[in-house]
Amino acid sequence: MRGPKVGLALGGGGARGLAHIGVLKVFEQEKLPIDFLSGASMGGIIAAGYASGLNAAQLEAIALEMADFRNMVRLLDVRPRRRGLLEGKRVREFLVEKLGIDLNFDQLRMPLVMTATDLLRGKEVVLKSGSVIDAVMATSAFPGVFQAVYCGDQMLVDGGMLNNVPAEPVRQLGAQVVIAVCVTPQYPRDEIPARSLKTRLLPPIFPRFSEEIYRAAMVMSAEITRIRLQEAHPEVVLYPEIPDDLSMFLGFPRAAEVIAAGEKAARQAFPQIIELVE
């Protein structure tokens, strides 16, 4: 007989979200069954890939492939005069290649929800039906970088704006034990890592003042995430130890390091997880 059903909530964080692959690697190695998945932004991308049938090793291979700067550049279709810096067409084509063009939520191997934010209403939107590719594009549409995804009268952007680690949506699917994974920098803090002030966190195409906007967004996201997790009460929250200077936009070449951080966090928490699921 099985224990309680397990839900995994994967948080947003760009390249930092590759740590989710390390978490999945450990769960597969230890044969921990995952019954439900949720994700926001990069967490939504990883969750969609896993729910579509890709295993942790396949996800890791894709991440390491994209760690090569030449492969990453092929996905960048810069269109400065559009609503987003990147058109997103090449990213969509990449997702279609990996996940399948006609993939719908009801075709996934396990229940999945993703979150997005409706900019017109200022509300969280839970995506759990229809096209998986459209949902992935919406949950990862970081404002200013990717164009918003229009769904009827909704203007959908990055789900991390309002619910970066969607623990409550995965519990609503039926999860009795929720494991949440948060990969964004933690605030407030007393000590400031010296190298965090010297390292550029955004690509050179962004003006210097954008660095302060990025840092402000991270501080706000950390506080909103703290409150949302406090309200959702996941049974376990993993915080992989990812260096501050590894930014969500420029950290992809360090994919192996981030994945290893996810593995380490999952290994450390696994005794607690086993107690809950047994």
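This section describes the packing of three helices and the lining of one pocket in a predicted model.

Two packed helices are described by the angle between their axes and the distance between the axes. Helix α1 (residues 19-29) packs against α3 at an angle of about 155°, the two axes lying 9 Å apart. Because angles over 145 degrees count as roughly antiparallel, α1 is roughly antiparallel to α3. The crossing of these two helices is left-handed. On the α1 side, the contact is formed by Ile21, Leu24, Lys25 and Glu28, and on the α3 side by Ala56, Leu59, Glu60 and Ala63. By class, the residues of this contact comprise 5 nonpolar and 3 charged, with no polar residues.

Helix α3 (residues 56-66) also meets helix α9 (residues 255-277); their axes come within 9 Å and cross at roughly 145°. Here Glu60, Ala63 and Leu64 of α3 are in contact with Ala255, Ala256 and Ile259 of α9. The contact of α3 with α9 contains 5 nonpolar residues and 1 charged residue, and again no polar ones. Glu60 and Ala63 of α3 thus take part in the contact with α1 as well as in that with α9.

Attention then turns to the pockets. The second largest pocket encloses about 530 Å³ of space. It is lined by 26 residues, of which Phe142, Pro143, Tyr214, Ala217 and Met218 are the closest to its centre. Helix α8 (residues 210-232) supplies the largest share of this lining, with 8 residues. In terms of class, the lining of the second largest pocket consists of 15 nonpolar, 10 polar and 1 charged residues.

Terms used. Residues numbered from 1 in each chain as written. Predicted model: local features only at pLDDT ≥ 70, side-chain atom pairs only at ≥ 80, totals over all residues. Heavy atoms only, no water. 1 Å grid on protein atoms, 1.4 Å probe; cavity = no way out; pocket = protein on both sides within 12 Å on 5 of 7 lines; lining within 4 Å. Points joined across faces, edges and corners; volume = space filled by probe spheres on them. Helix = DSSP H or I, 4+ residues; strand = E, 2+ residues; numbered from the N terminus. Nonpolar A, V, L, I, M, F, W, Y, C, P; charged D, E, K, R; others polar. Axes fitted to C-alpha atoms, helices over the stretch in contact; angles between N-to-C directions. Contact = heavy atoms within 4.5 Å. Parallel < 35°, antiparallel > 145°, perpendicular 65-115°, else oblique. Left-handed = near helix turned anticlockwise from the far one by under 90°.
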